[in-house]
Amino acid sequence: MNHIEPLISLKKVHVTYESFKALNGIDFDLNRGEIHGLVGEHRAGKSTMVKLLSGAVTKDSGSFIYKGKEVESFSPKSAMKNGIGIIYQDLNIIPSINAVENIFSGQRIVSTFGFLKSKEMKKKTKSLLASLNMDINIDLPLSCLTKQEQQMVEIAKALSLDPEILIFDEISSRLTPTEMEKIYKLLFDFKKKGKSIIYISHNMDEIFRFADRVTILQDGHRIGTEGIKDLDKIKLMKLTYSFVLSREELEKDNMELYLLKKYNENIIKNIPIGVLILDKDKQVSQVNLSAHKLFNPGENDLAGKGISNVLNGHLKDNIHEITKAIEQMSEGIWEDLQWSENRIVTIKVFPLHDNSRIFIGSILLLEDVSQEYYFNDYLLRSEKIASVAELAAGVAHEINTPLSVIHNYIDLLKPKYIDSDTSEKLYRIENQLSMISDIIGGLLSFTKIQSLPSKQLDITELVDDVVLLIQHKIINKNIHLKWEKIYRISMFREMKIA
Ligand SMILES: Nc1ncnc2c1ncn2[C@@H]1O[C@H](COP(=O)(O)OP(=O)(O)OP(=O)(O)O)[C@@H](O)[C@H]1O
Ligand SMILES: [Mg+2]
């Protein structure tokens, strides 16, 4: 019989946490060169099973056969040395040290004399990250990187000892689609080399995308192991989730949920104000269309970036204050901030709590108020210009009155010095005065406000002013102006011009 021995074989394995039985007689095997999906409801025991393989927990009973040999228990270090690399469900890095130190913690490269070969470790780190298509600063502590970049460093660490088995525990919930594409490529390349993968996920699409077989766990028991070709998505979901009742109900529920999800996403997406939703680590988890417009159009991938990174380069001031408010889980409003490309924004920050009032992140509303701001500025400037014009008109009016008086006097003097030299001088004065009058006239027509707002006027006062202005001219032309005031209604005065 041509029997191919599995790489890993678990038989009737039990694992207990204090008194709680997490694995209850599990059977499982992993073949060489296969991608084995591991699915199950929450708390089914998936993470516990892979923790057993990676040496993070030990079994109470049952057998664990690795490459044909019975293993009592692995320690995390011995599991790694034996070719098992695991990417845990929770991020497992040391934030205060850089990528090189993280990758080589517990497995430093030393020379025969015991010296650390830092150059070699750096080189290896770079090539590991390059194989994951990652370009990150390896000298910075991981706390300065995004959660996704930290995650990729953890994967590089798992790859650093050239493992034969890679285990991914729900990685897709922590990475962006772009990074997941890199993971998918890694999975296929790894499999091509004849190596094996255990892939835990709640995402059935992923399982169907690359798993060869799938094992379903429930309440610490194995429900079954099936070849992916013998399953369809509905069947797998029914096997995996006890709340799934019938194909019809499943499809209906899914459709309703799907529509509800899309509906909610669309609301946020189309709100005419920029919305950034941050997780509790101040990293962007959702961005709507208006927010995208505020950032460079090419800068699509804001998701996963830290908020100060995202604001940097766009916002000139206040980044520190805003991040501080987010950190302190408080609210805040910053109005009329200078944004890139001469735009003006108002930023509002609100903490986000779940039903139990636990802080789960923040909402940032970014409103482009440039139009309003510049219009107000324009109005302010127009008002200033209008008041200058009013002032000029006032001055012109004031000058006009003495000018008219001077004109009158010149008219009076002219007949007296009809043939003399003085007469010539008087004409010159009159010419110069006419020039001043023209300038003033030009100034008045320039400052003339085209449409005056209507208001109640005392017409008699207006006529008084006009008469005063033109008196010398009409007298000169032998026109006699007579006018009288008639009190018809006690409140208003009327007049008649003859
Ligand atoms: N360290 C621990 N101490 C006590 N109980 C634990 C511990 N870790 C897990 N458990 C319990 O063991 C059971 C199985 O947990 P496990 O994490 O293996 O489930 P899982 O299938 O990975 O679930 P999930 O999909 O939520 O990640 C759960 O009931 C869980 O509460
Ligand atoms: Mg788990």
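Here is a short chat about a predicted model, its sheet and one of its helices.

Residues are numbered from 1 along each chain as its sequence is written, while chains are lettered from A and ligands numbered from 1 in the order written. In this predicted model, local features need pLDDT of at least 70 and side-chain atom pairs count only at pLDDT 80 or more, but totals for chains, interfaces and linings use all residues.

Trainee: How many helices and strands does the chain have?

Mentor: Both are DSSP runs numbered from the N terminus: helices are H or I with at least four residues, strands are E with at least two. On that basis the chain comes to 15 helices and 17 strands.

Trainee: Which strands are the edge strands of the open sheet 2-1-4-5?

Mentor: Strands pair if DSSP finds at least two bridges between them. In this sheet the pairing is antiparallel. Pairing on one side only marks the edges, strand 2 (20–30) and strand 5 (69–70).

Trainee: What is the bridge partner of histidine 14 in strand 2?

Mentor: Strand 1 (residues 8–17) runs antiparallel to strand 2, and eight bridges join them. For histidine 14, the partner in strand 2 is asparagine 24.

Trainee: Why is helix 5 largely enclosed by the rest of the structure?

Mentor: A residue is buried if 20 or more other C-beta atoms, placed from the backbone, lie within 10 Å of its own (exposed: 12 or fewer; partly exposed: in between). In helix 5 (residues 147–159), Met152 and Ile155 are among the buried ones. Helix 5 is largely enclosed because its buried residues number 10 of the 13.

Conventions
Expected span 1.5 Å × (residues − 1).
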